[in-house]
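Here is a short tour to read alongside the sequence and the 3D view. Keep the viewer open and follow along, one region at a time.

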Amino acid sequence: MPKTSARLLSLLSLLQARRDWPGALLAERLDVSARTVRRDVDRLRELGYPVAAVKGPDGGYRLEAGAALPPLLFDDDQAVAVAVALRTAAVTGAGIEEASARALNTVRQVMPARLRHRVDSLRVTAVERAGPRPRIDPRVLVALSAAVRDREVLRFDYAAPGAPDAGQPPPRRAEPHHLVTWGGRWYLVAWDLERADWRTFRVDRITPRVPAGPRFTPRELPGASVAAFVAARFQGHDSQICRGEVILGLPAAAVSPYAPDALVEELGPDRCRVVLSGWSWTGLAAGLGRFDTDIEVVGPPELKAACGRLARRYADAAQSSGSSTGAISS
């Protein structure tokens, strides 16, 4: 590669790495004069890169957003990261599967042969978790994200679970704080103005209304971070969630693939500890039966009681089934 072209790529890489660059520092990093930096910046501008001059004691440069997307420069790790992100976009539920595939093809075509070979060798198959996963309209994600960014009160219709067309309740009003994805679903973390409390709304049930409401001052979210807040809502800190601990007579490797939401700890070649959550103690106890092995309930008492109730019901079912069969045969 000619020396000038290589220097231009190095300059472009530096400009992409941080917001502002003093001219003297760029000249030092590239081992050229300040005059050469100015000429190279002019060449980048001719190629369509919007490089702006930054005023100040030292002067400098900034790569700004332009009206059109110029060619991008990726190092090896960035190229792999882009490929992984685009190939796994199919399981985000964001409704961008086709656009992601086209974007990956576009990025791949402009890559040098060395990087293209590395990306092609990266075989990633994105597998969705079992069960239906609602698809989100990308326009809804953009609208919610804009409300979060602009700190505007969101007005929206919220479909009731299982009965989206049952009546037309009044629109909800909330202060949107974070848009998050959890377990293949999208959620909006917001302060519900009517209930005066924090709520997590399913995005697939939200239909935004326009115009948006007034701006608001952000509130302090409970917990150390949004990740901690959401995890607390979905992993047992909510009163509606049941959390239990058991020991199964199976190796951890045999249990983990069938308990994606559980914590599985190996205790030996044929024993493992499992901590799992569910929406009811009975449902939690029933789910343990699918492992077809000895079960030791560590706790809590509610889980032990649920296992006892199920045992009695199954025993009664087995007896009644035998009696019924005998009556029909005779």
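## Helix α7 and its two faces

How many residues does helix α7 have, and how far does it reach from its first C-alpha to its last? In this predicted model, α7 runs over residues 138–150, which gives it 13 residues, and it reaches 18 Å, close to the 18 Å expected at 1.5 Å a residue. Its buried residues are Val140, Leu141, Leu144, Ala147 and Val148. Looking down the axis of α7, you will find these buried residues within an arc of 130°, so they line one face of the helix. A general rule helps here: an α-helix has 3.6 residues a turn, so residues three or four places apart point the same way.

Now turn the helix around. The face directed away from the buried side of α7 carries Arg139, Val142 and Arg149, which are exposed. On the buried side, the packing partners of α7 are four strands: β4 (154–158), β5 (172–182), β6 (185–192) and β8 (206–208). Just after α7 comes arginine 151, with a positive phi near 55°.

## Strand β4 and its partners

One of the strands that the buried residues of α7 pack against is β4. Is β4 mostly covered or mostly uncovered? It is mostly covered, as four of its five residues are buried.

β4 runs antiparallel to β5, and three bridges join the two. Here phenylalanine 156 stands opposite arginine 172 of β5. β4 also runs antiparallel to β8, again through three bridges, and in that pairing tyrosine 158 has isoleucine 206 of β8 as its bridge partner.

## Aspartate 192, a buried acid

Strand β6 is home to aspartate 192. Is aspartate 192 buried or exposed? With a relative accessible area of 0%, aspartate 192 is buried, because the cut-off for that label is under 20%. A polar atom of the aspartate 192 side chain lies 3.0 Å from the backbone nitrogen of glutamate 194.

Which residues touch aspartate 192, once its neighbours within four places in sequence are set aside? They are Arg172, Arg173, Ala174, Asp197, Arg199 and Phe201. Arg172 also appears in the strand pairing above, opposite phenylalanine 156.

## Glutamate 220, out in a loop

For a contrasting acid, go to the loop between β8 and α8 (226–234), where glutamate 220 is placed. Glutamate 220 has a relative accessibility of 72%, so it counts as exposed, the cut-off being over 50%. Histidine 177 is 43 residues away from glutamate 220 in sequence, and their C-alpha atoms are 9.6 Å apart in space.

## The nonpolar cores

The largest nonpolar core has 17 residues. Which of them touch the most other members? Those are Val246, Leu248, Val255, Cys272, Val274, Leu276 and Leu303. At least two residues of this core come from each of β9 (242–248), α9 (252–255), β11 (271–278), α10 (281–288) and α11 (301–329). Apart from that core lies another, of 16 residues, including Val140, Val148, Val203 and Ile206. Val140 and Val148 are among the buried residues of α7, and Ile206 is the bridge partner of tyrosine 158.

Cysteine 272 deserves a click of its own. Beyond its neighbours within four places in sequence, cysteine 272 has contacts that include Val246, Leu248, Pro251, Val255, Val264 and Leu267.

## Two more strand arrangements

Strand β10 (residues 263–268) pairs with β11 in the antiparallel sense over five bridges. A hairpin of two residues joins β10 to β11, and the bridge partner of valine 264 is valine 274 in β11.

Elsewhere, three strands make an open sheet in the order β1-β3-β2, with antiparallel pairing. β1 (21–22) and β2 (51–54) stand at the edges with a single partner strand each, so one side of each is left without a neighbour in the sheet. Two bridges link β1 to strand β3 (residues 60–63), and tryptophan 21 has tyrosine 61 of β3 as its bridge partner.

## The whole protein

Stepping back, the protein has 11 helices and 12 strands. Of its 330 residues, 29% are buried. Among contacts between residues at least 6 apart in sequence, 58% join residues at least 24 apart.

How values were computed
Residues numbered from 1 in each chain as written. Predicted model: local features only at pLDDT ≥ 70, side-chain atom pairs only at ≥ 80, totals over all residues. Heavy atoms only, no water. Expected span 1.5 Å × (residues − 1). Buried < 20%, exposed > 50% of the residue type's maximum accessible area, 1.4 Å probe, protein only. Arc of directions from axis to C-beta. Contact = heavy atoms within 4.5 Å. Polar contact = N/O pair within 3.5 Å; in protein donor to acceptor, adjacent residues only side chain to side chain. Core = buried A, V, L, I, M, F, W, Y, C linked by side-chain atoms within 4.5 Å. Pairing = 2+ DSSP bridges.
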